[in-house]
Amino acid sequence: MVIAIDGPSASGKGTLAKRLAAHFGLPHLDTGMLYRAVGWIAAQTGEPPAKVAARLTLADLADPHLRSDEAGQEGSKVAVMPEVRANLLKFQKEFSSQGSGAVLDGRDIGTVICPDAPVKLFVTASPEARAVRRYQELRGRGVDTIKPRVLAEMAERDRRDSERAAAPLRAAPDAWLLDTSEMDADAAFAAALAFIERKGFRSSGP
Ligand code: CDP
């Protein structure tokens, strides 16, 4: 079973993906980390982003700095480059075609990477709800920032992600929309699980 989860930043898709993967015993790939790593490594080394994308390995995703907003911005800048996206395609296709199945989350999983996934979720939340979450997450990690700045940076990244020509952020026509503005992580997980079970998928675990 492949579960494809897309949505804008801080919509709750990453947490949801992790929990669904644990529930169904499936490997999980946070594809945003690939773009973050390419953007960040290219900015540090001056190498062309497409070249970095072509030689990226799982080991490159371990750098804790990749979780920073700076790396997120660098990631969304290289994500507009068709060659970068093409060079990351094989990695993602291979991950999603493991025998066990997989959970992938990102911006174009249901539309480009796994168009045949039997389960597609598009997770959204209002810009305000997302900004509050991202602010709390950053503060929790000890990053000194203010809410208006978080909101402005998120809006800039959303615009770039939605307006780019190459695989823009968009719900697949057959994706199930989950608005988490009024939901905490538990409620979002329960809603997604109920949807997946209605489709006939159940965990084979205890
Ligand atoms: O965690 P957050 O949602 O803020 O960002 P992310 O998922 O780590 O993604 C970072 C950037 O990578 C996004 O702003 C997108 O531009 C890009 N990305 C993409 O283009 N396609 C994907 N499948 C995943 C991420």
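Reader: So helices are DSSP runs of H or I with at least four residues, and strands are runs of E with at least two, both numbered from the N terminus. What gives the most to the lining of the second largest pocket?

Author: That is α8, with three residues. Bear in mind that this is a predicted model.

Reader: Which elements supply at least two residues there?

Author: Both α4 and α8 do so for the second largest pocket.

Reader: How much space lies in that second largest pocket?

Author: About 170 Å³.

Reader: And which residues line it?

Author: The lining of the second largest pocket includes His65, Ser68, Asp69 and Glu70, and further along the chain Leu138, Arg141, Val143, Asp144, Thr145, Arg149, Val150 and Glu153. By class, six residues of this lining are charged, three are polar and three are nonpolar.

Reader: Fine. Switching to the largest pocket, how much space lies there?

Author: The largest pocket holds about 960 Å³.

Reader: How many residues line it, and which lie nearest its centre?

Author: There are 42 lining residues, with Ala10, Lys13, Gly14, Asp30 and Arg134 nearest the centre of the largest pocket.

Reader: What classes do the residues of that lining divide into?

Author: Of the residues lining the largest pocket, 18 are charged, 13 are polar and 11 are nonpolar.

Reader: Where along the chain does the lining come from?

Author: Several elements each supply at least two residues to the largest pocket, among them α1 (13-24), β2 (28-30), β3 (102-106), α7 (127-140) and α9 (185-198). The most comes from α1, which gives six residues to that lining.

Reader: Where does the ligand sit?

Author: In the largest pocket. Two elements give two or more residues to the shell around the ligand, namely α2 (32-45) and α8 (147-163).

Reader: Which element gives the most to that shell?

Author: α2 does, with three residues.

Reader: Which residues come nearest to the ligand?

Author: There are 16 residues around the ligand, and Lys13, Arg36, Arg85, Arg157 and Asp161 come nearest. Lys13 is also among the residues nearest the centre of the largest pocket.

Reader: What is the class make-up of the shell around the ligand?

Author: Nine residues of the shell are charged, five are polar and two are nonpolar.

Reader: How far is the side chain of Arg85 from an oxygen atom of the ligand?

Author: A polar atom in the side chain of Arg85 lies 2.8 Å from a ligand oxygen. The side chain of Arg164 has an N or O atom 2.9 Å from an oxygen atom of the ligand, and for the side chain of Arg107 the corresponding distance is 3.0 Å.

Reader: How much of the ligand's accessible area does the protein cover?

Author: On its own the ligand has 530 Å² of accessible area, and the protein covers 95% of that.

Reader: New topic, cavities. How many of 30 Å³ or more does the structure hold?

Author: One. The largest cavity has a volume of about 50 Å³.

Reader: Which residues line the largest cavity?

Author: Asp69, Gln73, Arg134, Val150, Glu153, Met154 and Arg157 do. Arg157 is also one of the residues that come nearest to the ligand, while Asp69, Val150 and Glu153 are among those lining the second largest pocket.

Reader: What supplies the largest share of the lining of the largest cavity?

Author: α8 supplies four residues, the largest share. α4 (69-78), like α8, supplies at least two residues of that lining.

Reader: And how many charged residues are in it?

Author: The lining of the largest cavity has four charged residues, along with two nonpolar ones and one polar one.

Technical notes. Residues numbered from 1 in each chain as written. Predicted model: local features only at pLDDT ≥ 70, side-chain atom pairs only at ≥ 80, totals over all residues. Heavy atoms only, no water. Near = heavy atom within 4 Å. Polar contact = N/O pair within 3.5 Å; in protein donor to acceptor, adjacent residues only side chain to side chain. Areas by Shrake-Rupley, 256 points an atom, 1.4 Å probe, with all protein chains shown as cover. 1 Å grid on protein atoms, 1.4 Å probe; cavity = no way out; pocket = protein on both sides within 12 Å on 5 of 7 lines; lining within 4 Å. Sits in = over half its atoms within 2 Å of the grid points. Nonpolar A, V, L, I, M, F, W, Y, C, P; charged D, E, K, R; others polar. Points joined across faces, edges and corners; volume = space filled by probe spheres on them.
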